[in-house]
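Student: I have a structure open and would like to learn how to read its features. Where do I start?

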Amino acid sequence: MSGNKQEQAWQDICAMYQQDSVAERLLQWQDQRDLDVVRILLALWFYTHQQEVSSLTDDARQLYQAVIKPWRRIRTGVREMSAFKGFYHRLLQLELQLERAYFDELWRVVSVAPSSGPESSLSLLLDKLGGGDVLSEAELEWLIQLGHDVNEKEG
């Protein structure tokens, strides 16, 4: 897929995240269930744009555990130090850049193609990206509605 699609996917993911109460809910999933929000939103984008993807390699799946998760622990520790509020906000900005680089790497290593058959399930896409088996049907439906809402706004 072209760089334009990649940029559009990132913009859509950011738009989804900024919807009312979405960030709060996703961060709750991230904290309580150790879910990778970037992979969940990427799978949702692929689903709503009817794209098939290859499975991520083990190395790509481990990138979250090796890089993103430790960064968040550091940022959380700094947040608790009231004397460093300015530093904490800088870390948040850097985290967004780190998540963008992570997203770009996920995009690079996954093979993407238009869906050739009946609409694939979001659950299957999550499995391929290493984020499946942890969301309920109701949570999957909420995500699907979120993706469709963003698509309607862009279309």
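Tutor: What follows goes through the core, some helices, a few single residues and a pocket. Keep in mind that this is a predicted model.

Student: Which residues have the most contacts inside the largest nonpolar core?

Tutor: The general idea is that in soluble globular proteins, nonpolar side chains tend to be buried together. Here the largest nonpolar core has 40 residues, and those with the most contacts inside it are Met16, Leu42, Phe46, Phe103, Leu122, Leu129 and Leu143. Two or more core residues come from each of helix H1 (3-17), helix H2 (22-33), helix H3 (37-48), helix H4 (58-79), helix H5 (85-109), helix H6 (122-128) and helix H7 (137-154). H3 gives the largest share of this core, ten residues.

Student: What is phenylalanine 46 in contact with, leaving aside its neighbours within four places in sequence?

Tutor: With those neighbours left out, phenylalanine 46 is in contact with Gln51, Val53, Trp107, Val110, Val112, Leu125 and Leu129.

Student: How many residues of H3 are buried?

Tutor: Twelve of the twelve are buried, so H3 is largely enclosed by the rest of the structure. The buried residues of H3 include Arg39 and Thr48 as well as Leu41, Leu42 and Phe46. As for length, the twelve residues of H3 should span 16 Å at 1.5 Å a residue, and the end C-alpha atoms are 16 Å apart, which agrees.

Student: Is arginine 39, in helix H3, buried or exposed?

Tutor: Buried means under 20% relative accessible area. Arginine 39 counts as buried because its relative accessibility is 6%. Leaving aside its neighbours within four places in sequence, arginine 39 is in contact with Leu56, Arg61, Tyr64, Tyr102, Leu106, Leu126, Leu129 and Gly130.

Student: Now a helix with two sides. Where do the buried residues of H2 fall, seen down its axis?

Tutor: Start with the geometry: an α-helix has 3.6 residues a turn, so residues three or four places apart point the same way. In H2 the buried residues are Val22, Ala23, Leu26, Trp29 and Gln30. Seen down the axis of H2, they fall within an arc of 130 degrees, so they line one face of the helix. The face of H2 turned away from this buried side carries the exposed residues Glu24, Asp31 and Gln32. H2 has twelve residues and reaches 16 Å from first C-alpha to last, close to the 16 Å expected at 1.5 Å a residue.

Student: What is the sign of phi at the residue that follows H2?

Tutor: That residue is aspartate 34, and its phi is positive, near 60 degrees. Aspartate 34 is not a glycine. Aspartate 34 sits in the loop between H2 and H3 and is partly exposed, with a relative accessible area of 31%. Serine 21 also calls for a look: its phi is near 65 degrees, a positive value in a residue other than glycine. Serine 21 lies in the loop between H1 and H2.

Student: Which elements do the buried residues of H5 pack against?

Tutor: They pack against H1, H3 and H4. The buried residues of H5 are Tyr88, Leu91, Glu95, Glu99, Tyr102, Phe103, Leu106 and Trp107. H5 has 25 residues and reaches 36 Å from its first C-alpha to its last, close to the 36 Å expected at 1.5 Å a residue.

Student: What is the volume of the largest pocket, and which residues lie nearest its centre?

Tutor: Rolling a probe the size of a water molecule over the atoms shows where empty space is left. The largest pocket has a volume of about 670 Å³. Its lining has 24 residues, of which Tyr17, Leu27, Arg72, Glu95 and Glu99 lie nearest its centre. H1, H2, H3, H4 and H5 each supply at least two residues of this lining, and the largest share, seven residues, comes from H4.

Student: How exposed are alanine 66 and proline 70?

Tutor: Alanine 66, in helix H4, is exposed, with a relative accessible area of 56%. Proline 70 is also found in helix H4 and counts as partly exposed at 22% relative accessibility. Leaving aside its neighbours within four places in sequence, proline 70 is in contact with Tyr64 and Gln65.

Methods:
Residues numbered from 1 in each chain as written. Predicted model: local features only at pLDDT ≥ 70, side-chain atom pairs only at ≥ 80, totals over all residues. Heavy atoms only, no water. Core = buried A, V, L, I, M, F, W, Y, C linked by side-chain atoms within 4.5 Å. Buried < 20%, exposed > 50% of the residue type's maximum accessible area, 1.4 Å probe, protein only. Helix = DSSP H or I, 4+ residues; strand = E, 2+ residues; numbered from the N terminus. Contact = heavy atoms within 4.5 Å. Expected span 1.5 Å × (residues − 1). Arc of directions from axis to C-beta. 1 Å grid on protein atoms, 1.4 Å probe; cavity = no way out; pocket = protein on both sides within 12 Å on 5 of 7 lines; lining within 4 Å. Points joined across faces, edges and corners; volume = space filled by probe spheres on them.
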